[in-house]
Amino acid sequence: QGKFTLLRDTRTDGSFLVHHFLSFYLRAGCKVCFVALLQSFSHYSIVAQKLGVSLAAAKERGQLVFLEGLKSCLDLLFGKEEQPGQPSPLQFLSTSDLRALFDFVRVSLSATDGDSWKGPVLLVDDLSVLLSLGAAPVAVLDFIHYCRVCVCCQLKGNVVVLVHSNEGSEDEENELVVNSLCHHSDLILWAEGLATGFCKDVHGQIKIIKRLSLRQAAEPDLVQIYQYKIQDRNVSFFARGLSAAVL
Amino acid sequence: ELPAPLLDDSHGKELGDGAAAVKSEDFQDSMKIAWRYQNLPKMEVSPTTHTKFGHYYDISKKMSPELCQSVKLHSFYLHEELPFEPTMKTWNMNSGYARLLQSIQRIISQEGFDGSDPQKKQRNVLRIGIQSLGSILWGDDVCCSDAPEDPQSLTKFLYVLRGLLRKSLSACIITVPAHLIQNKAIMERVTNLSDMVVGLESFIGSERETNPLYKDYHGLVHVHQIPRLNSLICDVSDTKDLAFRLKRKQFTIERLHLPPDLSDTVSRASKQDLAGSAKLLSSGCGAMAIGKKHLDF
């Protein structure tokens with residue numbers, strides 16, 4: 001409850017973590033607001049089906065609020081005049097202002113009468129795109145801060161956010177956002193491609209960092225490292241060096 | 001100025017003969033010393049040796065005008081376009097890119113590629129080609145300045161284009177003069193906003209031109225990213241080291257492999273050179289330069 005989880009990937013694609021959390025929270029009966037900036041609804045829907053969850057059905061029963069960024073930006077730029085008082089959540093494409101996006105999140109997750117869902121969840125895929133679309137790094141951090149206050153503190157829900165980072169990256173704005181978020185996260189799941197390059201049986205390693213130091217000073221963070229292999233319908237995790245191909 | 005396609009079968013026949021010659025060697029003397037390797041397939045240098053895949057063009061000839069006219073072709077030349085009409089909304093983007101997006105969206109909706117008009121049943125896919133995106137030809141200074149005026153125009157353009165492609169029956173291939181973009185952060189963002197990213201690195205003008213390892217090729221092909229769509233997994237091939245060769249009638253992409261080291265008088269220095277290049281080669285997608293310190297044969 002009230003936790004901020006940061007998903008991070010380096011040298012690989014960490015989107016499998018997003019798919020996992022989406023189906024996990026929906027199956028747990030939580031109300032989910034998914035800000036999907038990079039892929040279409042059908043992409044997530046097809047993968048979710050392989051993981052045993054129907055996104056269309058979840059949307060139908062009001063459990064899932066899905067913001068399809070790609071579609072909304074087309075509506076904003078090519079669509080008809082928007083109604084006054086209902087700014088598009090993708091407003092920041094024109095104005096670099098993320099407030100409309102935050103309002104969208106807040107309204108989606110606020111409890112309404114007749115809601116029986118357990119705990120609200122905000123899921124964002126992915127935050128690094130906001131920088132490419134005109135938002136300043138400080139604005140992105142402010143947006144996340146507002147979301148945390150609203151979702152984690154006021155609504156006692158969870159927030160899960162994906163960011164990309166690269167070693168030796170020259171994208172200073174992105175590095176600033178990622179480092180800052182790392183400091184404020186309760187849990188960090190860091191998917192990294194293997195340093196030795198591509199391998200058929202081990203797709204990468206995942207570092208799980210439980211930031212105990214955040215809640216209690218002088219408590220060291222708990223770090224666990226596993227390797228993983230992504231399959232069609234699930235991801236298998238194993239201790240380092242003990243992939244099935246080796247045993 | 002498109003190259004003429006090779007429509008006759010003569011080229012196919014050339015390939016076929018070559019393939020047949022290779023096959024007949026397989027049945028000759030069975031191996032005596034290396035008998036364990038007897039049943040392994042011969043190293044396939046080029047995936048097209050046995051099948052005809054893709055289209056073939058003769059670069060020395062031009063495409064016939066009749067062929068060009070028989071196909072519905074839309075072109076966009078920035079300097080011939082009308083000035084940008086901002087309508088009521090501000091796009092906050094380089095006007096060249098904004099005009100291009102408007103033009104693409106207009107074609108998609110008029111020709112029915114977005115399925116909006118049930119009358120127009122599109123059986124075909126709209127193929128879009130954009131050349132030299134980011135260059136000064138599009139009014140963007142991201143290629144000529146280290147601190148461009150509006151670095152986000154390019155990435156915003158790609159995002160909106162992505163939206164248009166996802167919502168219609170279309171595919172797009174874009175070329176970007178990456179060697180001119182000094183701000184590497186922009187290239188990282190461009191990569192993240194793309195589904196598939198392939199880099200071509202020419203040997204001309206670089207020290208690799210004289211490296212004996214590369215003497216048969218004109219450049220390297222780097223696959224930086226492959227699409228992972230509608231699935232958890234993606235189709236990563238085993239081969240990471242690809243090189244290209246441009247001949248008059250063929251542009252081929254082949255697996256790069258070290259020629260056998262047959263000389264016994266090779267000096268130590270050059271052996272290290274080759275080994276060093278080999279380490280760089282095998283380090284896999286996206287980890288090109290880092291591989292050197294981790295591979296220890």
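Which residue of chain A forms a salt bridge with Lys167(B)? The legends below start there and then move through this predicted model, one close-up at a time.

**View 1. A salt bridge links chain B to chain A.** The partner of Lys167(B) is Glu68(A), and the closest N and O atoms of the pair are 3.2 Å apart. This pair has company, as four salt bridges are found across the interface of chain B and chain A. Polar contacts add to the picture, with 15 residue pairs across the interface.

**View 2. The side of chain B that touches chain A draws on helices α3, α4 and α5 of chain B.** These elements, spanning residues 95-110, 152-166 and 184-192 in turn, each give two or more residues to that side. The most comes from α4(B), with nine residues. By residue class, this side of chain B holds 14 nonpolar, 15 polar and 11 charged residues. Taking both partners together, 40 residues from chain B meet 55 residues from chain A. The area buried between the two chains is about 4,000 Å², and carbon and sulfur atoms give 59% of this area.

**View 3. Nine strands of chain A form an open sheet with mixed pairing.** Reading across, the order is β3-β2-β4-β5-β1-β6-β7-β8-β9. At the edges stand β3 (64-68) and β9 (235-238) of chain A; each has a single partner strand, so one side of each is left without a neighbour in the sheet. On average, and ignoring direction, neighbouring strands here are turned by 20° against each other. Helix α6 of chain A, residues 99-109, packs on the sheet and touches β2 (30-36), β3 and β4 of chain A. The direction of this helix makes about 160° with that of β2(A).

**View 4. Strands β4 and β5 of chain A run parallel.** Here residues 118-125 form β4(A) and residues 158-164 form β5(A), with four bridges joining the two strands. For a handy landmark, look for Val124(A), which stands opposite Val161(A) in β5(A).

**View 5. Four strands of chain B form an open, antiparallel sheet.** The order is β5-β6-β7-β8. Its edge strands are β5 (197-202) and β8 (251-255) of chain B, each having a single partner, so one side of each lacks a neighbour in the sheet. Neighbouring strands are turned by 30° against each other on average, direction ignored. Three bridges join β6(B), residues 219-225, to β7(B), residues 242-246. Within this part of the sheet, Gly219(B) stands opposite Phe244(B).

**View 6. A salt bridge lies along helix α4 of chain A.** Lys71(A) and Asp75(A) form the pair, with the closest N and O atoms 3.7 Å apart. Both residues belong to the helix formed by residues 69-78, and they are four residues apart, about one turn of the helix. Over all chains, the count of salt bridges comes to 15.

**View 7. Two backbone details of chain A are worth a closer look.** Most residues other than glycine have a negative phi, and most peptide bonds are trans. Where does the cis peptide bond to Asp126(A) sit in the chain? Asp126(A) is in the loop between β4 and α7 (128-132) of chain A, and the cis bond from Asp125(A) to Asp126(A) has omega near -15°. The second detail is Arg11(A), which has a positive phi of about 60° although it is not a glycine. Arg11(A) is found in the loop between β1 (4-10) and α1 (15-27) of chain A.

Terms used
Residues numbered from 1 in each chain as written. Chains lettered and ligands numbered in written order. Predicted model: local features only at pLDDT ≥ 70, side-chain atom pairs only at ≥ 80, totals over all residues. Heavy atoms only, no water. Contact = heavy atoms within 4.5 Å. Buried area = accessible area lost by both parts, 1.4 Å probe. Salt bridge = Lys/Arg side-chain N within 4 Å of Asp/Glu carboxyl O. Polar contact = N/O pair within 3.5 Å; in protein donor to acceptor, adjacent residues only side chain to side chain. Nonpolar A, V, L, I, M, F, W, Y, C, P; charged D, E, K, R; others polar. Pairing = 2+ DSSP bridges. Axes fitted to C-alpha atoms, helices over the stretch in contact; angles between N-to-C directions.
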